[in-house]
Amino acid sequence: MKPFLYLVLTVVLFYANQALHRRYQYFWLTPAITTSAILIALIELTSTPFSQYFGDTRWLPWLLGPATVAFALPIYQQRELIRRHWLALGLGSCVGIVVSLGSTLLLSRLLGLDANAAHSLLARSVSTPFALEATRHLGGESQLTGVFVMITGLFGILLGQVLLGLLPLRMRVARSAPFGAAAHGFGMSVARKIGPQEGAVASLTMIFSGILMVLLAPVLGRLLA
């Protein structure tokens, strides 16, 4: 009964925090932050093992796959815009992945991270379903990758608009593509608030970056080994 109660509590807390965040647009009230913090506190206070919590909530992470596929709808709705800028969007996503991989490897060496943590960090900039699949080939830990993906997305929400405001980007495509390429679903949610075209572009770069990471992961895994 306890795992089922945690399932209900997780869903209720998320929607309650989502309603609160709509009313008060503060960063620390982002549903992913507040819901996670409350659940972690409850699990610690009740000494509940993670395996018990995960018992009836395991299907919630499974929904990440269908949710990612659903992003194809806004892409289809804005297909004319994407058709006009497909080359820039494709090249931008490729550059984003290369920069993400290069900076992660460089920082891992500078900080002296062990191989397991470093490999788990490599897929941090793409959506969770793609990141977990890529990590399987990169030799990292899927649980660590999941944490790094969330942290990257939260920093994307916090710093994304500030950093883009400092750059001379005028076109909607140029201002929204980095959200999907660098901050995956979190960044896409910010882009959708700006406008439907921005949301569609961020969805496309998020999916393309994820596919590219999964395709590169086996090759990169062999090189790192």
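**Close-up 1. Helix α8 crossing helix α13.** In this predicted model, helix α8 (residues 86-111) and helix α13 (residues 196-224) have axes that come within 9 Å and cross at roughly 45 degrees. Helices here are DSSP runs (H or I, at least four residues), numbered from the N terminus, and axes are lines fitted to C-alpha atoms over the stretch in contact, with angles from 0 to 180 degrees between N-to-C directions. That angle makes α8 oblique to α13; under 35 degrees counts as roughly parallel, over 145 as roughly antiparallel, 65 to 115 as roughly perpendicular and the rest as oblique. The crossing is right-handed, meaning the near helix is turned clockwise from the far one by less than a right angle. On the α8 side, look for Leu89, Gly90, Ser93, Cys94, Ile97, Leu101 and Leu105, and on the α13 side for residues including Val201, Phe208 and Leu224; contact means heavy atoms within 4.5 Å. Sorted by class, this contact has 13 nonpolar, four polar and no charged residues (Ala, Val, Leu, Ile, Met, Phe, Trp, Tyr, Cys and Pro are nonpolar, Asp, Glu, Lys and Arg charged, and the others, Gly among them, polar).

**Close-up 2. Helix α10 alongside helix α13.** Here α10 (residues 128-138) packs on α13 at about 10 degrees, with the axes 8 Å apart. So α10 runs roughly parallel to α13. Phe130, Glu133, Ala134, His137 and Leu138 of α10 touch α13 residues, among them Ile207, Met213 and Gly221. The tally for this contact is ten nonpolar, three polar and one charged.

**Close-up 3. Helix α1 against helix α2.** α1 (residues 2-23) and α2 pack at about 145 degrees, their axes 8 Å apart, in a right-handed crossing. From α1 come Tyr6, Leu9, Thr10, Leu13, Phe14, Asn17, Gln18 and His21, and they meet α2 residues that include Pro31, Ile38 and Leu42. Nine nonpolar, six polar and no charged residues make up the contact.

**Close-up 4. Helix α2 and what follows.** The 15 residues of α2 (residues 31-45) should span 21 Å at 1.5 Å a residue, and the end C-alpha atoms are indeed 21 Å apart; the expected span is 1.5 Å times one less than the number of residues. Its buried residues are Pro31, Ala32, Thr34, Thr35, Leu39 and Ile43, buried being under 20% relative accessible area (1.4 Å probe, protein chains only). Just after α2, serine 47 has a positive phi of about 55 degrees.

**Notes.** Residues are numbered from 1 along each chain as its sequence is written, and side-chain values use heavy atoms, leaving out hydrogens and water. Because the model is predicted, local features need pLDDT of at least 70 and side-chain atom pairs count only at pLDDT 80 or more, while totals for chains, interfaces and linings use all residues.

Terms used:
Helix = DSSP H or I, 4+ residues; strand = E, 2+ residues; numbered from the N terminus. Buried < 20%, exposed > 50% of the residue type's maximum accessible area, 1.4 Å probe, protein only.
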